[in-house]
Amino acid sequence: MTHALTGKIALITGAAGAIGLATAILLAARGALIVATDMEDADFGPLRAAIPDEGHLLVLEADVTDEAAFGAVVAQTVERFGTIDIFFNNAGIEGPVAPIPDFPTDGFRKVMEVNVTGIFLGLKLVIPIMAKAGLGSIINSSSVAGMTGAAGLCAYVASKHAVLGLTRAAAVEWGAKGIRVNCINPGPIESRMMTSIEEGASPGAAAEVHDGFAATIPMKRYGTPDEVAGVVAFLASDDAAYVNGAAYTVDGGMTAA
Ligand SMILES: NC(=O)c1ccc[n+]([C@@H]2O[C@H](COP(=O)([O-])OP(=O)(O)OC[C@H]3O[C@@H](n4cnc5c(N)ncnc54)[C@H](O)[C@@H]3O)[C@@H](O)[C@H]2O)c1
């Protein structure tokens, strides 16, 4: 099987969202056992419907900015499955869309708290588990906004650049212990998050903004959550055994243009 993940234990944050859900389904299809976590009010229905086998799916609720709650998720994962082989550190928010002088400061702080502190806490909590086993693959969710600027999205851009920095810091620090740490940098993906950004950029004209963004992408379309999941599955697998500290764009050529 391509990028087989038979028997691997995969912890996924933001697992009820578009990319987390697609990735959970793909990793499960390749043989991984899934621990899916998201906010208390998240809709886990589609996930439970897609992976009905309770032996292959454990759903746990936690806010990734809450160290104690996130720590409890990690502890319960280890208690149930013994270790964590794959960690998709994926939860994130887009935050407000506004030019810097108008950008709400509390909105800026919130984006940094979820997208940077949340990713940091994931690394802090999961790395010791993987270090004990002497192996593991961590995939952080950055974005093309972690590599280039985007008007109206200062907090999101800053936070996703920080995710790239955390990825490189962790890869350098833990490579010798058998832990690979990489990030994915998706471009616009057909999803609630992109619709929210489009609507924020031009209220009432999301469809026009969508088409305008798509026209700038060499492949002339947005990506799909499944197309992101495929890259995560590769990075999670032994086929990526020598890939460490890398940033994988999944953007239809957007950042190459
Ligand atoms: N959708 C895109 O176009 C796109 C592009 C590039 C990068 N990304 C990144 O990919 C990741 C997933 O995006 P998505 O499109 O699936 O978004 P989404 O909003 O569908 O999913 C994100 C999930 O994270 C969860 N979440 C948010 N804050 C949380 C918190 N404090 N604790 C726990 N869970 C929390 C949400 O409940 C949600 O289910 C994000 O980090 C996002 O920034 C998305």
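Start with the lining of the largest pocket in this predicted model, and colour it by class: you should find 27 nonpolar, 16 polar and seven charged residues. The pocket itself holds about 1200 Å³ of space. To find its middle, select Gly92, Ile93, Glu94, Tyr156 and Met193, which are the closest to the centre among the 50 lining residues.

Next, switch to a cartoon view. Helix 1, strand 2 (33–38), helix 4 (105–133), helix 5, strand 6 (179–186), helix 6 and helix 7 (206–216) each give two or more residues to the lining of the largest pocket. Pause on helix 6, which gives the most to that lining, with five residues.

Now show the ligand. What does the ligand take up? Its space is the largest pocket, the one you have just been exploring. Select the residues around the ligand and you will have 28 of them, with Ile19, Asp38, Asn90, Tyr156 and Arg192 the closest. Tyr156 is worth a second look, as it is also listed among the residues closest to the pocket centre. Coloured by class, this shell has 15 nonpolar, nine polar and four charged residues.

Zoom in on the polar atoms for three stops:

- Isoleucine 19: a backbone N or O atom is 2.8 Å from an oxygen atom of the ligand.
- Aspartate 63: an N or O atom in the side chain lies 2.9 Å from a ligand nitrogen atom.
- Valine 64: here a backbone N or O atom sits 2.8 Å from a nitrogen atom of the ligand.

Then turn on the ligand surface. On its own, the ligand has 820 Å² of accessible area, and the protein covers 92% of that.

For the last stop, return to the cartoon. Which elements give two or more residues to the shell around the ligand? They are helix 1 (18–29), helix 5 (154–174) and helix 6 (192–201). Finish on helix 6, which gives the most to this shell, with three residues.

Note on methods. Residues are numbered from 1 along each chain as its sequence is written. This is a predicted model: local features need pLDDT of at least 70, side-chain atom pairs count only at pLDDT 80 or more; totals for chains, interfaces and linings use all residues. Side-chain values use heavy atoms; hydrogens and water are left out. A residue is near a molecule or strand if one of its heavy atoms lies within 4 Å of it. A polar contact is a pair of N or O atoms within 3.5 Å; within protein, one must be able to donate a hydrogen and the other to accept it, and residues adjacent in sequence count only if both atoms are side-chain atoms. Accessible areas come from the Shrake-Rupley method with a 1.4 Å probe; for residues, only the protein chains shown count as cover. On a 1 Å grid over the protein atoms alone, a cavity is a set of points where a 1.4 Å probe fits but cannot get out, and a pocket is an open set with protein on both sides within 12 Å along at least five of seven lines; lining residues have an atom within 4 Å of a point. A molecule sits in a cavity or pocket if more than half of its atoms lie within 2 Å of its grid points. Helices (H or I, at least four residues) and strands (E, at least two) are DSSP runs, numbered from the N terminus. Ala, Val, Leu, Ile, Met, Phe, Trp, Tyr, Cys and Pro count as nonpolar, Asp, Glu, Lys and Arg as charged, and the others, Gly among them, as polar. Grid points are joined across faces, edges and corners, and a volume is the space filled by probe spheres set on the points.
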